[in-house]
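Biologist: I have the model open next to me. Can you walk me through the charged pairs and then the empty spaces?

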Amino acid sequence: MYITSSKRIIMSCTRRNINNHQSSSSSSPSPFSFLLLCISLISISSFTNAIDNNSCKNVAISKEQCMNATEFTTKVQNASPLHTLRGTIDNVLSSTTCAKLTKTLLSASDFISGSGYESKDNNLPNTYKAHESYSGLDVASLSKLLPSSEDYDWFVTLREHVRKTTEEALGLCPATLFVHYTQIAQKVEGGLHHPHADNCFHTFVLATTTTTSSFEDDDDESDSSYMMAKCDATKAHPYPSRVAASILYLNSQQSGNYDGGEFYWADMFSNGGLGEPSVIVTPKEGRMAFFTAGVENLHGALPVERRVRDEEPRRLALAMWYVTDEQLEEVIPPFVGRPEGDDNEEEEEEDVIIDTPSQKLLMKIPIQSMKTGALKLSLWFHLVKQQSNPTKKSWQANEGVDENMLTMLYRDHSALFSITLQKNVITIHRHVDVHVRPASLQYQLQESVMLHDLLDELVKLAFGKLEDGDGGGDGSKEED
């Protein structure tokens, strides 16, 4: 996975696995034995892309050689060799730690149905779409559902360990990567992901190269065509600031009772334009895939299949996405815990409200109760009807990246707003990439009109259609 040289420093070929619940009484192996092993590895000029044969758990470079965020961006833009932009590391977490984590996690019914990204108007066969067999738990959910504050603190510690490991593996200086989003991802039978990038919607375009004959007397040139993945500039992605990601298996096919489910990198160059899998990562507890977030590393997951007829398959992984802007860092809420009774229910189920420069809170609407699915469907129909307001194709309605979220993207792609239905509140946010451009004045004007209409729609849904000032009609009909 790594190009090695004498300037690189093997940080630890036997990284101690983090486990706050267990303390090891055995002494650490001699550093001298590490040195002998790592010197033998440094003598090799490079590793191949054999996924299952990593010798060290992590490789880092010295502080003098590490990259800052600007250098990292330049490296990715210059299309550096893929093996420097992705790889796998075994035993990032021990099998014991993975087993304890999966046991600590909740029953499958606690996982929230979700899908990553969806693009309804992309007709390419490699479009990745919502799948009912994919679900997840984010940090906010874990803060409410894990058994104890010790379990929650332990998970947060594991999360930081994975972040640092990813940072080192990509050759970045300390504190360059910040976690943008964390999720325990669950796939059951049929769960899959089609090839996708993490910071843009991609499409395949026809590219042509010209070659000249190598014979001296032959000046003939020939053209060859192929399909190449590129970011689709016509579609605004909700998270263009993401620069890297990591996927860490928490269970194997055997322990999770599943076949398939392998993470893979897809070929960005394709005659068929489908993004076929090119490198497949076999599931194994503690094995982590890390990679940059753009089209250079299209990736997905093969379908999960049932291994034993009478047992449900369950493929678990810790997925994390990273940014280099500290302002976009994921909020770690305090531990809340499971509700113990009706007296504490309101406090325990308090929703987490996000308000950052890139995800600005516009309004929050407290509610006593709602039928989430029915309300989401009603709002979806309302937004679809508003897409041509004030002119045709002014807006584009989409389902959001999170459960129970709807989005409206303005035609100039400077910003979008989202509607999220939580347990006790409806939140409306404006999403903008602060590093590209602010929301345009035209967007802000049209956003105010759309939100006014949205509030009217919510009032109608909550109280019925109201006549002008009379509270609901001519009063000729009374309810029992």
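Modeller: Keep in mind that this is a predicted model. Aspartate 259 is partly exposed, at 28% relative accessible area.

Biologist: Which residue does aspartate 259 meet in a salt bridge?

Modeller: Arginine 307, with 2.8 Å from N to O. Aspartate 259 sits in strand S11 and arginine 307 in the loop between strands S17 and S18, so the pair ties together parts 48 residues apart in sequence.

Biologist: Is arginine 307 buried or partly exposed?

Modeller: Arginine 307 is partly exposed, with 39% relative accessibility.

Biologist: How many salt bridges does the structure hold?

Modeller: There are 12. One of them joins arginine 159 to glutamate 330, with the closest N and O atoms 3.0 Å apart. Arginine 159 is in helix H5, glutamate 330 is in the loop between strand S18 and helix H6, and 171 residues separate them.

Biologist: Why does arginine 159 count as buried?

Modeller: Because its relative accessible area is 6%, and buried means under 20%. Glutamate 330 is buried too, at 12%.

Biologist: Switching to pockets. What is the volume of the second largest one?

Modeller: About 1100 Å³. Its lining has 44 residues, and those nearest the centre are Asn199, Cys200, Cys231, Pro240 and Ser241. Helix H2 and strand S9 each give two or more residues to that lining.

Biologist: And closed cavities, how many of 30 Å³ or more?

Modeller: The search finds 5. The second largest cavity holds about 130 Å³, and 14 residues line it, including His180 and Tyr239. By class, that lining has 7 nonpolar, 5 polar and 2 charged residues.

How values were computed. Residues are numbered from 1 along each chain as its sequence is written. This is a predicted model: local features need pLDDT of at least 70, side-chain atom pairs count only at pLDDT 80 or more; totals for chains, interfaces and linings use all residues. Side-chain values use heavy atoms; hydrogens and water are left out. On a 1 Å grid over the protein atoms alone, a cavity is a set of points where a 1.4 Å probe fits but cannot get out, and a pocket is an open set with protein on both sides within 12 Å along at least five of seven lines; lining residues have an atom within 4 Å of a point. Grid points are joined across faces, edges and corners, and a volume is the space filled by probe spheres set on the points. Ala, Val, Leu, Ile, Met, Phe, Trp, Tyr, Cys and Pro count as nonpolar, Asp, Glu, Lys and Arg as charged, and the others, Gly among them, as polar. Helices (H or I, at least four residues) and strands (E, at least two) are DSSP runs, numbered from the N terminus. A salt bridge is a side-chain nitrogen of Lys or Arg within 4 Å of a carboxyl oxygen of Asp or Glu. Buried means under 20% relative accessible area, exposed over 50%, partly exposed in between (1.4 Å probe, protein chains only).
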